[in-house]
Amino acid sequence: MEFEAVVGMEVHVEINSKSKVFCGCSGNFHAAPNTNVCPVCLGMPGVLPVLNVDMVNKSVAVGLALNCTISRWSKLDRKNYFYPDMAKNYQISQYDLPLCQNGWIDIEVDGQTKRIGITRAHIEEDTARNTHTIGGNQSGVDFNRSGLPLLEIVTEPDIRSAKEALAYLTALKQMLQYLDVSDCNMEEGSLRAEANISVRPVGQEKFGTKTEVKNVASFSGVHKAIEFEIARHIKLINSGGKVVQETRGWDADRGITVPQRLKESAHDYRYFPEPDLVPIVVDEAWEQRIRESLPELPAARRSRMGTQYGLSAYDANVITLSQDTANYYEQVVAAGADAKKAANWLMVELQSLLSAAKQDIRDCRVSPADLAALVGLIESGAINGKMGKDVIAEMFETGKATQDIVNEQGLSQITDTGEIEAIIRQVLADNPAQVEQFRSGKDKVFGFLVGQVMRATQGKANPALLNDLLRRELSRQEN
Amino acid sequence: MSKITKQDVEYVAGLAQLRLDDAAKERLVREMGDILAYMDQLNELDTSNVEPMMHAMEMTNVFRQDVVEPSLPREEALMNAPVHDGEYFIVPRILEGDAS
């Protein structure tokens, strides 16, 4: 039997407000344990939470970017359960009236665009963090994370493969980074993804029994965990078994999902309206203000830059992956560089230097103006591409200006026709056998002769010019 | 007519992590049943023209600005904990996968 997978994603994003969502404690992730805590986020009785307006603004911005309807009227609710990471035994969340509903985001899979429905995005508070490194039968709890602003984004069951799930996460992360609402660091837990997975025979309308996979700490982990679950479901059904509805954790070391022990009643959260917090009313004017403050979003920027700079779809995609890279690129072009060549130098040379140094383009010592100058020098023939690679590596290392490096290292290309011709004649005289082979039709020898001239000039000859002159000289001598 | 059974009471008590003796369970069967009966009585009213009340307060949009304020000194934060190690609240070992 042919099966198809049905996947829905739940993503929790820590919003980068300076303070927590219901109190003034700092949202600094790296503080010493239990130093960013107060009676509110410790869940002391008698305290009064007050909603951080920055969280509302950023949540609405995400909602608008995900084409959601923003609720004119929404409220906060208590989700009740017992767990040591939640001192007050309920999490403040949104139940039946989330702030954002019914949106979508387009993803790109194998060159095809697919629309993934967004069911809702709602405000909640993060829980404390447990450490299991404490010895014996004990765990330590750090409440610094308790009360951090958390936005939960839920998709429709529109995803059909692990690949699509990965594309969704990539597109969502890009969007969140464009909006500058989260650093989306999966390893540090500021972006957490869970997947609801089921399979059904192709053509069947009804969903199969789903499992939920949690505890995934990387995008590639999500991809592997979903692939594993899909295969596990299909194998189970084909061998006459049944999928049990349960929550499973991803064991990255073993590359498998394992059932998590949960009490049967764990999902009966007995939501009720949070009496300590009043409803949120986002009127049209407020929504409009946020809409107007949105930056150019990834899809729009991709298509504008593709058209404006004549970039291929692939190049436009790579360059707009991050806003910083896109900004950098536009500055290089604004500084006068040829758009196509700037794209190549940015995506190939600079990118590989950045990856090797594990550096962010924001901290890059090669300024956009310097890269533009480099592209210009190569275009004018003052230096060749090979020299360019050395120059950019030097600029990357030292932050020196392009022209200074060219001057210091005596890198200027030889563009003097007479000088190159003299060297060519010498090389031809030194290699009569090769010249003979070339004349008898062995075209490959041409490359050897080019190499000899290049060597004699220490790589400084302008390659295009050298090619021309060598051909001319060879045919001249023949006649 | 009570809609509440002893099993209902035990289930809700379990969720709330309450241990009840038989007398308390019986009392709660009665009391919770009375509350539901009262709800049924309210349901007899025609409320089709009444705006649903979502919150006891009339107020909306009470916010704080995103400003960091001082937190508690750690000694004070940990002061009420039955067990702590000066850095962390110490709790019985949390088993991986118990989270909801």
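**Exercise 1. Determine how β2(A) is joined to chain B, and identify the bridge partner of N52(A) in β1(B).**

Solution. Two bridges connect β2(A) with strand β1 (residues 63-64) of chain B, and the two run parallel. Strands pair if DSSP finds at least two bridges between them. Strands (E, at least two residues) and helices (H or I, at least four) are DSSP runs, numbered from the N terminus. Within β1(B), N52(A) has R64(B) as its bridge partner.

The model is predicted: local features need pLDDT of at least 70, side-chain atom pairs count only at pLDDT 80 or more, and totals for chains, interfaces and linings use all residues. Residues are numbered from 1 along each chain as its sequence is written, while chains are lettered from A and ligands numbered from 1 in the order in which they are written.

**Exercise 2. State how many residues of each chain take part in the contact, and describe the side of chain A that touches chain B.**

Solution. Step one is the count: chain A contributes 46 residues and chain B 37 residues, where residues are in contact if their C-beta atoms, placed from the backbone, lie within 7 Å. Step two locates the elements: β2 (51-52), α1 (53-65), β9 (129-131), β10 (138-142) and β17 (280-281) of chain A each supply at least two residues of this side. The greatest contribution is that of β10(A), with five residues. Step three is composition: the side of chain A that touches chain B has 22 nonpolar, 17 polar and seven charged residues. Here Ala, Val, Leu, Ile, Met, Phe, Trp, Tyr, Cys and Pro count as nonpolar, Asp, Glu, Lys and Arg as charged, and the others, Gly among them, as polar.

**Exercise 3. Assess whether chain A is compact or spread out.**

Solution. Chain A has 15 helices and 17 strands. Its radius of gyration is 30 Å, well over the 23 Å that the globule rule gives for 479 residues, so chain A is more spread out than a compact globule. The radius is taken over C-alpha atoms, and the rule is 2.2 Å times the number of residues to the power 0.38. The C-alpha trace of chain A spans about 95 × 55 × 55 Å along its principal axes.

**Exercise 4. Classify M186(A) by exposure and list the residues that it touches.**

Solution. M186(A) is situated in the loop between α2 (162-179) and β12 (191-201) of chain A. Because it has 18 C-beta neighbours inside 10 Å, M186(A) counts as partly exposed; 20 or more would make a residue buried and 12 or fewer exposed, with C-beta atoms placed from the backbone. Leaving aside residues up to four places away in sequence, M186(A) touches L191(A), A217(A), S218(A) and F219(A). M186(A) and S218(A) are 32 residues apart in sequence, yet their C-alpha atoms are 5.8 Å apart.

Terms used. Contact = placed C-beta atoms within 7 Å.
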